[in-house]
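Grab a coffee and open the model in your viewer. Below are some exercises to work through, each with a solution you can check yourself against.

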Amino acid sequence: MRAINQDISKHLNAAAVLIFRQLLAAGYTCYLVGGSLRDVLLGLPLHDYDFTTSAKPEEVERVFQNYRVIETGIKHGTVTVLIDGQTYEITTYRLETVYSDHRHPDSITFASGLEEDLARRDFTVNALAWSPTSGLVDLYDGLADLEKRLIRAVNVPEQRFQEDALRILRALRFAAVLRFDIAPTTAAAIRKMLPDLAYVSTERVTTELDKLFNGAAAVKVLLAYPDLVNYSCPQLNLPPTEKLLPACTSKVLREFRCQHDNRPLIARHLAEMAPYTSAGLRVLRDYFVDKQADPDKVEENWRNYQQEMLTTFAWATFLRTPAANALSAKEIARILCFSNLRRHFLGICLEILTPEKLQTISKAVNVSDVNEQTATYPWGQMLLEYGVETVTVGLLFALTLVVVPDSCLKSWQNYLQTHTCWSLKDLQFNGADLRKNRPELQGAEINKALKQLHAAVLEGLVLNDKEALTAYVLKRL
């Protein structure tokens with residue numbers, strides 16, 4: 001772990017310095033607080049700034065009247081100030097009343113000082129505050145917990161989780177992402193109160209589990225809390241992780257028992273496939289860029305494409321159970337509030353080109369007794385039936401579950417390098433060409449004929465060349 005960094009001021013950007021200066025000059029107190037301060041102390045990149053202040057929302061607005069102010073959180077005492085294109089949340093010291101729905105306070109009141117505000121926060125590492133005039137304020141030994149890499153609830157853990165059940169997921173997500181342990185009393189409260197996750201909206205559950213799956217210590221957390229996914233998604237009736245382990249063929253899940261491997265769960269899905277993973281992703285990249293309409297957003301959208309695919313792999317590992325299989329990928333995606341892209345990937349993993357189908361194909365191919373690399377797979381037939389994206393994504397997921405050999409993806413990559421006519425749009429012969437040479441073909445007959453041409457190219461019966469294809473059409477179709 002990096003040394004705790006208490007020299008906060010040099011890590012603030014110009015806008016954060018301005019916020020401190022303006023509020024302090026106006027006679028108010030102001031502190032950097034919460035996750036933003038925690039990350040600075042851990043030496044992590046600071047993306048968001050959260051401030052707490054003695055100024056009321058209307059007073060904050062007056063102080064920053066020369067800047068754009070957004071009032072979306074004003075009923076909770078939060079004003080967002082936009083400076084140089086970045087948002088900064090400034091929240092008045094506040095107290096919270098009872099949480100009747102186990103998620104949101106029934107009402108909030110403004111607190112008299114920082115101490116009351118910090119007392120309502122979830123974990124000690126998030127209950128630190130810093131001001132250029134007062135320095136670091138640590139009322140709950142949060143700094144010591146940072147040094148011990150420990151997640152510990154502020155005051156009584158059960159009360160914190162009873163107030164807001166989302167804190168259960170947040171604790172586990174922090175443990176996974178920051179590679180922290182959870183204090184024994186806090187861990188005991190989490191296990192006792194897992195059923196309260198029913199109070200958390202599915203959207204928030206999915207968001208938190210996405211982040212947890214991406215955490216460096218996801219493996220350790222999921223093994224330590226085997227009922228987590230089941231309680232988080234009760235509609236899917238998933239078994240506990242520990243029940244899933246012995247029956248699941250996933251090498252990733254079998255290795256949950258390894259407590260010291262801190263690679264993210266999603267990275268572990270692909271780590272076993274090196275060096276073939278990069279080749280598979282290159283295939284998808286070529287396919288994706290070819291489909292991408294806006295060249296200015298290619299890189300951003302490609303990153304999102306990859307992340308959605310890999311996160312879906314993590315989810316699909318848990319969703320490959322008899323209970324979940326009773327639901328369609330579309331139904332599961334609706335329940336979990338998945339994006340359309342993630343629903344698309346889930347359909348490939350669970351329905352279209354499942355690991356079981358690929359395993360059957362892998363077992364049926366002509367495999368050399370001398371060298372598995374020479375195995376011949378029906379790639380042309382699969383390309384025609386499923387398409388290049390579906391075959392590649394299906395192969396990547398099947399490899400994460402260790403149901404096909406690594407050489408399978410390598411063989412697919414070699415096939416694509418020698419057969420560049422991946423789809424009808426790659427065919428050097430289109431509908432207009434077909435109508436010109438075979439005017440009697442109409443409507444659906446044209447599409448059928450083009451598919452026959454595509455199959456002929458993949459089978460090596462004709463070159464993907466307009467002259468050769470024209471001759472083939474006139475003689476064979």
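What follows is a set of exercises on a predicted model, each with a worked solution.

**Exercise 1. Find the salt bridge of D122, say which parts of the chain it links, and sort both partners by burial.**

Solution.
- Step 1: Look for the partner. D122 pairs with R170, and their closest N and O atoms sit 3.0 Å apart. The cut-off for a salt bridge is 4 Å, so this pair qualifies.
- Step 2: Place the two ends. D122 is in the loop between α4 (114-119) and β8 (128-131), while R170 belongs to helix α7 (residues 166-178). The two are 48 residues apart, so this bridge links distant parts of the chain.
- Step 3: Check burial. D122 has a relative accessible area of 7% and is buried. R170, at 22%, is partly exposed.

**Exercise 2. Work out which helices are tied together by the salt bridge between E299 and R285.**

Solution.
- Step 1: Get the distance. The closest N and O atoms of E299 and R285 are 2.8 Å apart.
- Step 2: Assign the helices. E299 lies in helix α16 (residues 298-319) and R285 in helix α15, so the bridge ties together parts 14 residues apart in sequence.
- Step 3: Look at the surface. E299 is partly exposed, with a relative accessible area of 42%, and R285 is partly exposed as well, at 23%.

**Exercise 3. Are the partners R342 and E308 buried or exposed?**

Solution.
- Step 1: Confirm the pairing. The side chains of R342 and E308 form a salt bridge, at 2.8 Å from N to O.
- Step 2: Locate them. R342 sits in helix α19 (residues 340-352) and E308 in helix α16. They are 34 residues apart, and the pair links distant parts of the chain.
- Step 3: Apply the cut-off. Buried means under 20% relative accessible area. R342 comes in at 6%, so R342 is buried; E308 has 10%, so E308 is buried too.
- Step 4: Add the wider picture. D117, R120 and R121 are joined into one network by salt bridges that share partners. The count of salt bridges comes to 16.

**Exercise 4. Describe the second largest pocket: its volume, its lining and the elements that build it.**

Solution.
- Step 1: Start with the volume, which is about 320 Å³.
- Step 2: List the lining. There are 18 lining residues, and the closest to the pocket centre are G387, V388, W422, S423 and L424.
- Step 3: Name the elements. Two or more lining residues come from each of α15 (276-291), α21 (379-386), α22 (388-400) and α25 (444-458).
- Step 4: Sort by class. The lining has seven nonpolar, five polar and six charged residues.
- Step 5: Zoom in on S423. This residue lies in the loop between α23 (406-418) and α24 (431-437) and is partly exposed, with 23% relative accessibility. S423 and V388 are 35 residues apart in sequence, yet their C-alpha atoms are 7.8 Å apart in space.

**Exercise 5. Which residues touch the most other members of the largest nonpolar core, and which element gives the core its largest share?**

Solution.
- Step 1: Pick out the hubs. This core has 118 residues, and F51, L212, L228 and W412 touch the most other members.
- Step 2: Find the main contributor. Helix α16 supplies the largest share, 10 residues.
- Step 3: Follow one hub. Leaving out neighbours within four places in sequence, the contacts of F51 include A16, I19, F20, Y31, L32, V33, Y88 and I90.
- Step 4: Look elsewhere. Another core lies apart from this one; it has 15 residues, including I446, V457, L469 and Y472.

**Exercise 6. Inspect the backbone at D141 and N155, and say what the two phi values have in common.**

Solution.
- Step 1: Read phi. D141 has a positive phi of about 60° although D141 is not a glycine. N155 is also a residue other than glycine, and its phi is positive and near 60°.
- Step 2: Place both. D141 is in the loop between β9 (135-138) and α5 (142-148), and N155 is in the loop between β10 (150-151) and α6 (157-163).
- Step 3: Add accessibility for N155, which is partly exposed at 48%.

Definitions and conventions. Residues numbered from 1 in each chain as written. Predicted model: local features only at pLDDT ≥ 70, side-chain atom pairs only at ≥ 80, totals over all residues. Heavy atoms only, no water. 1 Å grid on protein atoms, 1.4 Å probe; cavity = no way out; pocket = protein on both sides within 12 Å on 5 of 7 lines; lining within 4 Å. Points joined across faces, edges and corners; volume = space filled by probe spheres on them. Helix = DSSP H or I, 4+ residues; strand = E, 2+ residues; numbered from the N terminus. Nonpolar A, V, L, I, M, F, W, Y, C, P; charged D, E, K, R; others polar. Buried < 20%, exposed > 50% of the residue type's maximum accessible area, 1.4 Å probe, protein only. Core = buried A, V, L, I, M, F, W, Y, C linked by side-chain atoms within 4.5 Å. Contact = heavy atoms within 4.5 Å.
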